[in-house]
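Here are some exercises to work through with the structure open beside you. Try each task first, then follow the solution step by step.

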Amino acid sequence: MKRFLDGFHRGLTWLMAAMVGILIIPVTLQIVSRYTALIPSWIWTEELSRFLFIWMIMLGSMVAVREGTHFVVDVLPQLPPRPHAAVQIVADLGVLVFAGIFTWYGIEFVKFGWNQTSELADLPMPFIFAAWPLAGLTWIVFLGEHFVRNFRIVAGRAPA
Amino acid sequence: MMSAALAPGQAAIVLFGTFFTLFLLRVPVAFALGLACLPILAFEPRLSPMMLLNETFKAYNSFILLAVPFYLLTASLMNTGGVTDRLVRLSRSMVGHFPGALAQINVLLSVFFAGISGSSTADAASQSKIFIDAQVKEGYGLSFSIAITAVSAVLAVIIPPSILMIVWGGVISTSIGAMYLAGFLPGILIAAAQMVTVHVYAKIYNYPVYPRATLKEFFYAGWISIPALLTAFIIVGGVLLGWFTPTESAAVAVLYTTLLSVFIYREMSFKQFYDALVETGRLSSIALFCVGTASAFGWLLAYYQIPRALLENVSTWGMGITQAGFFIAFVFLVVGCFLDAIPAIIIFGTILQPLAASVGMNPVHFAIIGIVSLAFGLVTPPYGLCLMISCSVAGVPIRFALKDTLIMLIPMILMLAAIIIWPDIPLILPRLIAPELLK
């Protein structure tokens, strides 16, 4: 299971990095096309870059749940490992509710966009909306891993 | 809007109450903002949780915010590609002979960095690695070293280009070019205040000094830094001259820095480039994901007309421009302790904008007060991102560097007060260079 999750995590990270790299291309094309006649000024460069950007954010949000890097505000003092794990379970439950909403309504979101295409480039919108349910599901999977780890710490069966 | 089932007051209590409870329970800020919308969405017959997806989609589907990953990428590329090294050398030749040499270099490098990158977190991350260890080795206090690195990092969003200004321009529709010009002087003043602070510390604790660089060294350091310094002119000048939009200028910064690193300074491998992409993706997506849920939260605030309800009282106070300026700065300073700057702009910038307009404050003056205050929020706990980054690089808890950080903030806050009292400080450059942008 751990190996599967590691692989999945690496895949998502790679895709996210690819999005960042590819993003530069349409924006550059947009500038080049404005000042030279080398390429026609495609109107879809702006739209395509926005869609890549959406995927980058959603992929990054998935990666960050596993890595535990979403911004958290530490108002409470540093707790010993077991109470800390217990608080973490409660916090993760909150994220789980949100993940459920994204999954459930995300599917609706994709259905809603089923026959839509984007305004400029005629891309099918489900490709973009699919990022939401996918993010929801991925969060649930990664949260499951957190729950197992934290429950074991609370139960005293694993070193913190 | 009469048909809303909840009164503004009730909705505000539910929204803020849920948000603060979740956030005390250590739910990540981005999720806490989204979850806080749920009770309302469940209760209000005309709304459904679908709105969360719609609003996040609308927030991310923005060409303006695309500048965020580009500026972060520029910063990572500068560090791996040797641009930063040249700028360190130039800074050293300029201020190395001042008391507290290395710390002065730290501040000056942040100024140069700020002119190229628009991201304070990138500045804090890279300079913490460069300076904290090096300063401690030379006998500077650890807490002083962390604090000066963190507070100088805030310059990156005050001196143009700046991610916060781009976001501000997108949300509150103020000219980004005018804000770029307006941010320059306040940034230099705050940097000067920091250098004075370092000087005082250096005198008290007897921090080391480097021998004065010869003129030849200075010119050589300046010469090899020219390609790097040009970046600032390309980015800021390009926007002012209308060559490209702020987002495009950020993409140009990426291309230019890549060119420098690969062809001129030749210090970057493919692996390093990939690592920079991953780092950029990670940092920008967690910040931007937050923007999405903050927009949903802000949308609900607007739906119940909560900002108007809040301001009804304030506008009867009869404030002038200066009082309103202090009030705005106070709100942003407090908010900045708890919230990331981007969601803070979206939520509170839009709330305060009518107040600023009603007292006749120039929108650019308003923007600079807001941005400088929020920039200070980057080093104020509990949620001070730059301070958190510097402390985590140094491997100590935040409270360790708290005292020195707060001491250094005092002169900076005096500068903020000056900016509020004398609107000319931010406004003089745009007035001289591009008066048409101020209209």
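**Exercise 1. Work out the surroundings of B:Thr121, beginning with its side-chain polar contact.**

*Solution.* Keep in mind that this is a predicted model.
- Step 1: select the side chains of B:Thr121 and B:Ser119; a polar contact of 3.1 Å joins them.
- Step 2: place the residue in its element. B:Thr121 belongs to helix H7 (residues 120-137) of chain B.
- Step 3: decide on burial. The cut-off for buried is under 20% relative accessible area. B:Thr121 counts as buried because its relative accessibility is 13%.
- Step 4: list its partners, skipping residues up to four places away in sequence. B:Thr121 then touches B:Leu72, B:Leu385, B:Cys386 and B:Ile389.

**Exercise 2. Which side chain shares a polar contact with B:Ser390, and is B:Ser390 buried or exposed?**

*Solution.*
- Step 1: find B:Ser390 in helix H19 (residues 385-394) of chain B.
- Step 2: look for the polar partner. The side chains of B:Ser390 and B:Ser128 are joined by a polar contact of 3.1 Å.
- Step 3: check accessibility. The value for B:Ser390 is 0%, so this serine counts as buried.
- Step 4: widen the view beyond four places in sequence. B:Ser390 touches B:Ser128 as well as B:Ala124, B:Ile132, B:Ile146, B:Thr149 and B:Ala150.

**Exercise 3. Describe the setting of B:Ile235, and find how many Å separate its C-alpha atom from that of B:Pro8.**

*Solution.*
- Step 1: go to helix H12 (residues 215-240) of chain B, where B:Ile235 is located.
- Step 2: B:Ile235 counts as buried because its relative accessibility is 0%.
- Step 3: with neighbours within four places in sequence left aside, its contacts are B:Tyr71, B:Ile116, B:Pro161, B:Phe244, B:Ser249 and B:Ala253.
- Step 4: B:Ile235 and B:Pro8 are 227 residues apart along the chain, and their C-alpha atoms are separated by 43 Å.

**Exercise 4. Classify the aromatic pair formed by B:Tyr140 and B:Phe144, then look for charges over rings.**

*Solution.*
- Step 1: start with the whole structure, where a search finds 34 aromatic pairs over all chains.
- Step 2: in the pair B:Tyr140 and B:Phe144, the centres are 6.1 Å apart and the planes make an angle of 10 degrees.
- Step 3: planes under 30 degrees apart count as stacked, and the pair of B:Tyr140 and B:Phe144 is stacked. Both B:Tyr140 and B:Phe144 are buried.
- Step 4: turn to the arginines. B:Arg86 lies over the face of B:Tyr265, 3.8 Å from the ring centre. B:Arg92 has its charged end over the ring of B:Tyr210, at 4.1 Å from the centre.

**Exercise 5. Which residues have the most contacts inside the largest nonpolar core?**

*Solution.*
- Step 1: the largest nonpolar core has 222 residues, and those with the most contacts inside it are A:Met58, A:Trp132, A:Trp139 and B:Tyr304.
- Step 2: helix H14 (residues 270-303) of chain B gives the most to this core, with 15 residues.
- Step 3: zoom in on A:Trp139. Leaving out residues up to four places away in sequence, A:Trp139 touches residues including A:Phe98, A:Phe102, B:Phe31 and B:Phe289.
- Step 4: follow the rings. A cluster linked by ring pairs includes A:Trp139, A:Trp132, A:Phe98, A:Phe102, B:Phe31 and B:Phe289.

**Exercise 6. Which element of chain B has the lowest mean pLDDT?**

*Solution.*
- Step 1: take the chain as a whole. Chain B has a mean pLDDT of 89, with 99% of its residues at 70 or more.
- Step 2: compare its elements. Helix H15 (residues 306-315) of chain B has the lowest mean, 74, and helix H18 (residues 363-376) of chain B the highest, 97.
- Step 3: for the complex, the predictor gives an ipTM of 0.92 and a pTM of 0.86.

Definitions and conventions
Residues are numbered from 1 along each chain as its sequence is written. Chains are lettered from A and ligands numbered from 1 in the order in which they are written. This is a predicted model: local features need pLDDT of at least 70, side-chain atom pairs count only at pLDDT 80 or more; totals for chains, interfaces and linings use all residues. Side-chain values use heavy atoms; hydrogens and water are left out. pLDDT is the predictor's confidence in each residue, from 0 to 100. Helices (H or I, at least four residues) and strands (E, at least two) are DSSP runs, numbered from the N terminus. Rings of Phe, Tyr and Trp (its six-membered ring) pair if their centres lie within 6.5 Å; planes under 30 degrees apart count as stacked, over 60 as edge-to-face and the rest as tilted. Buried means under 20% relative accessible area, exposed over 50%, partly exposed in between (1.4 Å probe, protein chains only). A charge sits over a ring if NZ of Lys or CZ of Arg is within 6 Å of the ring centre and within 35 degrees of the ring normal. A polar contact is a pair of N or O atoms within 3.5 Å; within protein, one must be able to donate a hydrogen and the other to accept it, and residues adjacent in sequence count only if both atoms are side-chain atoms. Contact means heavy atoms within 4.5 Å. A nonpolar core is a set of buried Ala, Val, Leu, Ile, Met, Phe, Trp, Tyr and Cys residues joined through side-chain atoms within 4.5 Å.
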